[in-house]
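Here are my notes on the structure, arranged as numbered points for you to follow alongside the sequence and the 3D view. Please keep both open while reading.

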Amino acid sequence: MKYDTHAQKNFYLVRGWAQGNYDNFKIRIGKPDLYTNEDGLLWDTDYSGADIQFDKRFQTRIFAGRFNADTTGGGTRGYYYQNGNRAQDEDPVNFLGVNFQYVPEKNKGFYGGAAYYHIKDDDFKTAGKLYSDKAGGEDVASVWSVNAGYWFGNKFRVYGAYAKNNKADVEDYSWQAQARYGNYADRAKRNDWAVFAGCKHQGTNTSFSAINRDDVILGTKGWNVGAAWAPMDNVGVILKYFNGKYIIGRGDAEKLFARVEFFIDKAEVENWTDETIWFDAVPYASVGIEKAKKVFDEAFGNLKSCNVTILDI
């Protein structure tokens, strides 16, 4: 299920799962997405395994499975930046996690929760002193987190999260404090908008696969601002700016991020036929548009004709 090789080309599953919905809980098995209750401070990725979520006012989510080999580079990313010779990241990564979260009714008032993650990855040892001072190295991450926020009506909220890796000795914690006002969301309506600002600190050995990398560089700390606006239905424009410093050495850090998003109505998706082919470019976007285009051409280059619908850019 991981790889299929044909005609000297490699194909692998990006995301797909079977899901069972019940009265008070749901189960997913396969390769689902992973976005946890720290609002992107730690995880925004995929994994092979299963999770179960109990949908009550006090939610519990339990995860178990494996990451792809390069998902939790940890200190090996620091090794790459400082020595120009990144670890091979060839072994899969074992992963266990649990989230506890209080969810307010209709986005009103206080919410918060806690989480714990146990990760085993031999590549942590490769990082040596960039990950742990333990003699012989350390191959485990033990990360706990807390989060809290408050909704002032349906448009304005303040929120934050803190996470600590008890097995790491370098860049072993991450945190964020953010404020957001507006009604912009996925599949936004025309003229929906939002503005946001805050401070972030992303330790290399804690924020292993964080969504916040789109406006914050891993291993840095500083402040960020941003805005989002929908010029028309299902089309959004996002701008983000970050300014700060590297946690260890390398001086100042600055990043400007811009994206145009396109979404498709759920009703249109439901009318698609069984002959629909899905292509997810997300895993390649982080290494550049050119590679994403190359993979797309390899996947669809032999088709005589097709209709293309872009779900998200």
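1. The secondary structure of the protein chain consists of five helices and 17 strands, and, since you will be reading positions from it throughout, please keep in mind that this is a predicted model.

2. Of the 313 residues in the protein chain, 40% are buried. The accessible surface amounts to about 17,800 Å², and carbon and sulfur atoms account for 54% of that surface. If one takes the contacts between residues at least 6 apart in sequence, 55% of them join residues at least 24 apart.

3. The largest nonpolar core contains 21 residues, and within this core Trp43, Phe95, Tyr117, Ile119 and Val143 have the most contacts. Two or more residues come from each of the elements β8 (58-67), β9 (93-102), β10 (109-120), β11 and β12 (156-165), with β10 giving the most, namely three residues. Another core lies apart from this one and has seven residues, including Ala188, Ala228, Ile238 and Phe263.

4. Valine 143 deserves a closer look, as one of the residues with the most contacts inside the largest core. When residues up to four places away in sequence are not counted, valine 143 touches, among others, Leu42, Ala115, Tyr117, Ile119, Ala163, Thr206 and Phe208.

5. On the surface, Phe110, Tyr150, Phe152 and Val158 form a nonpolar patch, and together these residues have about 380 Å² of accessible area. Phenylalanine 152 belongs to strand β11, which covers residues 140-152. Why does phenylalanine 152 count as partly exposed? The reason is its relative accessibility of 46%, which falls between the limits of 20% for buried and 50% for exposed.

6. Phenylalanine 196, in contrast, is buried, because its relative accessible area is 11% and the limit for buried is under 20%. This residue sits in strand β14 (residues 193-201). Leaving aside neighbours within four places in sequence, its contacts include Ala179, Arg180, Asn224, Val225, Ala228 and Leu239. Phenylalanine 196 and phenylalanine 156 are separated by 40 residues in sequence, while their C-alpha atoms are 9.7 Å apart in space.

7. Is glutamine 176, a residue of strand β13 (residues 173-182), buried or exposed? Glutamine 176 counts as buried, because its relative accessibility is 4%. Its side chain reaches the backbone oxygen of aspartate 39 at 3.4 Å, a pair that you can look for in the 3D view.

Notes. Residues are numbered from 1 along each chain as its sequence is written. This is a predicted model: local features need pLDDT of at least 70, side-chain atom pairs count only at pLDDT 80 or more; totals for chains, interfaces and linings use all residues. Side-chain values use heavy atoms; hydrogens and water are left out. Helices (H or I, at least four residues) and strands (E, at least two) are DSSP runs, numbered from the N terminus. Buried means under 20% relative accessible area, exposed over 50%, partly exposed in between (1.4 Å probe, protein chains only). Contact means heavy atoms within 4.5 Å. Accessible areas come from the Shrake-Rupley method with a 1.4 Å probe; for residues, only the protein chains shown count as cover. Patches are made of residues with over 30% relative accessible area and no salt bridge: like charges are joined within 9 Å, nonpolar side chains (Val, Leu, Ile, Met, Phe, Trp, Tyr) within 5 Å. A salt bridge is a side-chain nitrogen of Lys or Arg within 4 Å of a carboxyl oxygen of Asp or Glu. A nonpolar core is a set of buried Ala, Val, Leu, Ile, Met, Phe, Trp, Tyr and Cys residues joined through side-chain atoms within 4.5 Å. A polar contact is a pair of N or O atoms within 3.5 Å; within protein, one must be able to donate a hydrogen and the other to accept it, and residues adjacent in sequence count only if both atoms are side-chain atoms.
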